[in-house]
Amino acid sequence: MLTSVKKAGNRIILRINENITDMKSGEEFKETLTSLYSQGEREIVLDFGSVNVISSHGIGKILMFYKRLKEAGGQMYVAPLNPNIREIFEALMLDRLIPEIKL
Amino acid sequence: MRNLKILVVDDEEAFTNLMSDVLKKMLYDVRTANSGSEALAAEYESPADILITDIDMPDMSGLDLTEQVLQIHPDTIIIAMTGHGRIADAVDFMKRGGFDYLQKPVSMVAVRLAIESAVNRWRLKDELRQAEQRYYNLFENAPVGIYQSSAEGKFICVNPAMARIFGYVSAEELISGVTDIGSQLYLDPDDRKVFLGKLLNHKGWLSAEKQFFCKNRSIITVIIKTRMVRDDEDIPLYIEGFIEDITEKKKQEESFRLEMARAKEIYERLLQPSLPAMRGVGIYVKCLPAKAIGGDVAEILKLDEETLLIFLADVTGHGIPAAMTANTLKMLFREIAENSSDPAEICSHLSKTMYKTILPDDIIAAFCARIDLKSLMLTYCLCGVPSPVIIRKHERLSLEPTGFPIGVFGDAAYRNNILRLLKEDILVAFTDGITEALSETGEIFGSQGVKLGIGEGEESKYGAVDSIFEEVIRFQGTDEDFKDDIIILAVTLFEEDDSCSVKAWNRFCEPDRCFLKIKSRYVDVDGVSNFFIKQAAEKLKIPSDCLEKLKVAFFELLTNAMEHGNLEMTALKKSPEIYDSKDYLKIYLQRQKTEPYSERLIQIESLYRAGYLEISIEDEGRGFDLDCISDPTDTNNISRLTGRGIYIAKMSADQMAYNTKGNKVILSKRITKQ
C-alpha cells in the first residue's frame, strides 16, 4: 500500500510507505488526501517514514491540500523528516509552511 | 412453444370432424378441408406444419395434393391415409416426399402414434432451422467482414460487412465483381501468392495487417485473420477468414504520430536556450528529456553587454501536459525579461500569472539569476529547484532557497539573495531529475551525489556538467531510465584574455543534437575538430575511428570558415608571397585576437536523425559562391591554392551543401548506430 491511515485524537496520521515518483502514485496519493478531506478531516500529519523521494507530483498534491486545509481552518503537519525528504522540503521551502511535530 | 398447425383433408366430412375433435383435445391447432382444392386454398392462406390427407378423393388425389403442397412448403410433414391393400399408392406417396402412411380404416391409436412421430420430426427440423437462422443472422449482421475464398482467388461466400468494407453494395456484387482477388484487391498481386504460400505452410489462424483496393480504387488498411480449411486428409479446401477495417484508426494513429513529431519540434525549439556570446562568459547546457517531450526549461539571455539573465525551471511531470505549461512559462519569462531584470520581480510576476494557468496540484520549480559581469554580483531567486552550486577553486557553495515554487500561491512574495562571484567561478544549476535519481537499491542521488560528481579538485571543475551526468548514470546503473527530464546548466566566468579555450565555448547538448557557439578568438581548429568528433562518436556510441573521414571534412570546413569567413584571409591566401611565408600564420593569429575578427562567431550544430549525422558549420563572414571554386583535380588548377579544402571535404562526406549566402555548410554522413 502506498499509504496507511491512523487516527490520533483529532488528527489523522497519513503514513507514506513508498516513493511518490510518477503520475500513478501521485494520483493515488491525491485520492487518499481527497477522501480524508471529504470525510471532514482537517488536521493531517504526513509521516514519510523512511521514504526517499517525493517528486514534484507528490509535492504538488501536498501543497494543494495544505491550501485546502488552511482555507477550511485546518492544518497540515509533518512527522519528523528523514534527511532525504528534509532536503526536498527545504529546497521547496515547505519547512516554512508545514510545521513538523512529534508523533 | 406454439401449437403445431395440422390440416386434415378427407372428402368425408364426418371423418374430418371426428379427427378435428380428437386432435383439438390434444391441443393442436386443427383445420379441416374436404377436397384437394379446399386444402390448397388453406395452405396458401396459412401453411400447416403437418398435413394428414386421404389419398382417394374425387377432385384431386392425395398424391397430387402432396406434390403441390411440398412445392409451396417443402418443410411440411405429410401423413397419408390409403385404402386397404393399396400398397402401390403408399409407395408412390412415400416417393413423392411423404412422411408416413396409415391404412384405412384408421384407429385413433395409429393416428396418435403417427402424429407423435411427425411432431418429433417437426421439432428436430425446427431446431435445425433455428440454429441455421442464428448462424445466418450472425454472419449477415457481423460488424467484421467474413469470407471464404478459393486458392485461385475467387470468393465463395462473403457477408454484407465484407462487401461494405470493400465498397460493394451487396455480397453478391462483391462475389461476382471480384474474379481475381490477387489482381483486383491486392496492391501488389504477388503479395497474395506469398501470403497464400504462408497459409499453405501454416496450421491454424494467421493474422496480418494488409492494404487493399476498394471497388473505387481507394486504399483501405485492414487486419486480416485467416486460415486454410482442410479436409480429413489434410488436403487444402478453401480459405476462410475475418477482416476488420482499421483505416480510420490508422489515420488517427498517423495523425497522432505527426502531431507528436510536431510537438517534439516545438519542444526542441522551446528547449534550446539562446546562448549569448558575452565577454568573459562560457555557457554549457546539457539536457535529457525523459520521453519525447517534457517540462524542463532553460533560458539564458543577454540583457546588455554587462548583464546576463539565467532561468531554469521544472514543471511537474513530463509529456505533453508538462510541455504545454513549459511553453507558456518560457514565453512568459521572455516577455517579462524585456522589462525587468530583477529575479524576484520576475518570479513574482511569473507566479501570479502561472497560478491562474496551471492545475491546482501542479507546481513549477524555478531558478532565476542575474549576473552583473562588471561587479560580478549574482542576484538570484531560488524557488524549488535543487540548490545550485558555485564551484570556486576547492570550495563548493550551495545557494539558499529564497521562495516557494511558482504558481502555488497567487500572492506569494519573492525576494532575492545577493552573492559576489569571483572570476573563475562556475555556477552549476540543475533540475530535480538529477537529485531525485534513484539507485537500484532505492537510494537517492541528492545534492551529496551532485557534489561527489563535481569532485573536489581545481582541475576537474571545467568538466563538472559531464561528470555530474556520468556520476548520476553510474549511480542509477543505467543511462536509459531517467524518470524525469534533466537539465544541467553551467555558467563559467573567466578573464577574456585568458587563452584557455574550452571553457569559453557556449554549448547546448541533448541526446541527438549538439550546438556549439564559439568566438573566433577561441577557435583552435584542431582542438575543436578533435573535441567535436570525439563527442559525436560518444553520443552515437561508435568508435571515433568510424568518424575519421568525417573529421577530415570537418577540419577542412572549419578551417575555411575561419580563414575565408571570419578572418577574411582569402586575398592573402591567394598571394603566394604571403601564403608561403610565416607571415600568413602570424596574420591569422593576430586577427584572431583583434576586433572585429575575434568577436565573430562560429556556430556548429550536429544532429543525428534518420540514420544520418548532419553537421553544420556557420561563420559570420561574407560568404562565397561555390561556383567560383575551381576543381582542383583539373590539371589547369593544380597550382591554385584555393578550393582544395572543399574538395577534400566533399570526398569525405556523403553529402555537402552550402546555404545561398555561402557562410553555412552542411555535411551529412550515413551512420549506423550501435
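Two strands pair if DSSP finds at least two bridges between them. The exercises below apply this and similar criteria to a predicted model.

**Exercise 1. Pairing of two strands**

Determine how many bridges join strand E9 to strand E10 of chain B, and in which direction the two strands run.

Solution.
- Strand E9 of chain B covers residues 219-230 and strand E10 of chain B covers residues 236-245.
- Nine bridges join these strands, which run antiparallel.
- One facing position is B:Arg230, which stands opposite B:Pro236 in E10(B).

**Exercise 2. The surrounding sheet**

Establish the strand order of the sheet in chain B, identify its edge strands, and state which helix packs on the sheet.

Solution.
- The five strands form an open sheet in the order E7-E6-E10-E9-E8 of chain B, with antiparallel pairing.
- Strand E7 (155-158) and strand E8 (206-213) of chain B are the edge strands, since each pairs on one side only.
- On average, neighbouring strands of this sheet are turned by 30° against each other, direction ignored.
- Helix H9 of chain B, residues 189-200, packs on the sheet and touches E8, E9 and E10 of chain B. The direction of helix H9 makes about 35° with that of E9(B).

**Exercise 3. Burial of a serine**

Decide whether B:Ser348 is buried or exposed, and name its contacts beyond its neighbours in sequence.

Solution.
- B:Ser348 is located in helix H12 of chain B, residues 343-357.
- A residue is buried if 20 or more other C-beta atoms lie within 10 Å of its own.
- B:Ser348 has 22 other C-beta atoms within 10 Å and is therefore buried.
- With neighbours within four places in sequence left aside, B:Ser348 is in contact with B:Ala413 and B:Tyr414.
- B:Thr441 is 93 residues from B:Ser348 along the chain, and their C-alpha atoms are separated by 39 Å.

**Exercise 4. Span and covering of a helix**

Compare the span of helix H17 of chain B with the expected value, and state how many of its residues are buried.

Solution.
- Helix H17 of chain B comprises 19 residues, 548-566.
- From first to last C-alpha this helix reaches 26 Å, close to the 27 Å expected at 1.5 Å a residue.
- H17(B) is mostly covered, with 14 of its 19 residues buried.
- After H17(B) comes B:Glu568, whose phi is positive, near 50°.

**Exercise 5. Domains and chain contact**

List the domains of chain B and describe the side of chain B that touches chain A.

Solution.
- Chain B is divided into domain 1 (5-139), domain 2 (142-245), domain 3 (252-511) and domain 4 (515-674).
- The C-alpha centres of domain 1 and domain 3 of chain B lie 95 Å apart.
- The contact takes 26 residues from chain B and 20 residues from chain A.
- On the chain B side, the residues divide into ten nonpolar, eight polar and eight charged.

Methods:
Residues are numbered from 1 along each chain as its sequence is written. Chains are lettered from A and ligands numbered from 1 in the order in which they are written. This is a predicted model: local features need pLDDT of at least 70, side-chain atom pairs count only at pLDDT 80 or more; totals for chains, interfaces and linings use all residues. Two residues are in contact if their C-beta atoms, placed from the backbone, lie within 7 Å. Ala, Val, Leu, Ile, Met, Phe, Trp, Tyr, Cys and Pro count as nonpolar, Asp, Glu, Lys and Arg as charged, and the others, Gly among them, as polar. Domain bounds come from an automatic or database domain assignment. Helices (H or I, at least four residues) and strands (E, at least two) are DSSP runs, numbered from the N terminus. Axes are lines fitted to C-alpha atoms, for helices over the stretch in contact, and angles run from 0 to 180 degrees between N-to-C directions. The expected span of a helix is 1.5 Å times one less than its number of residues. A residue is buried if 20 or more other C-beta atoms lie within 10 Å of its own, exposed if 12 or fewer, and partly exposed in between; C-beta atoms are placed from the backbone.
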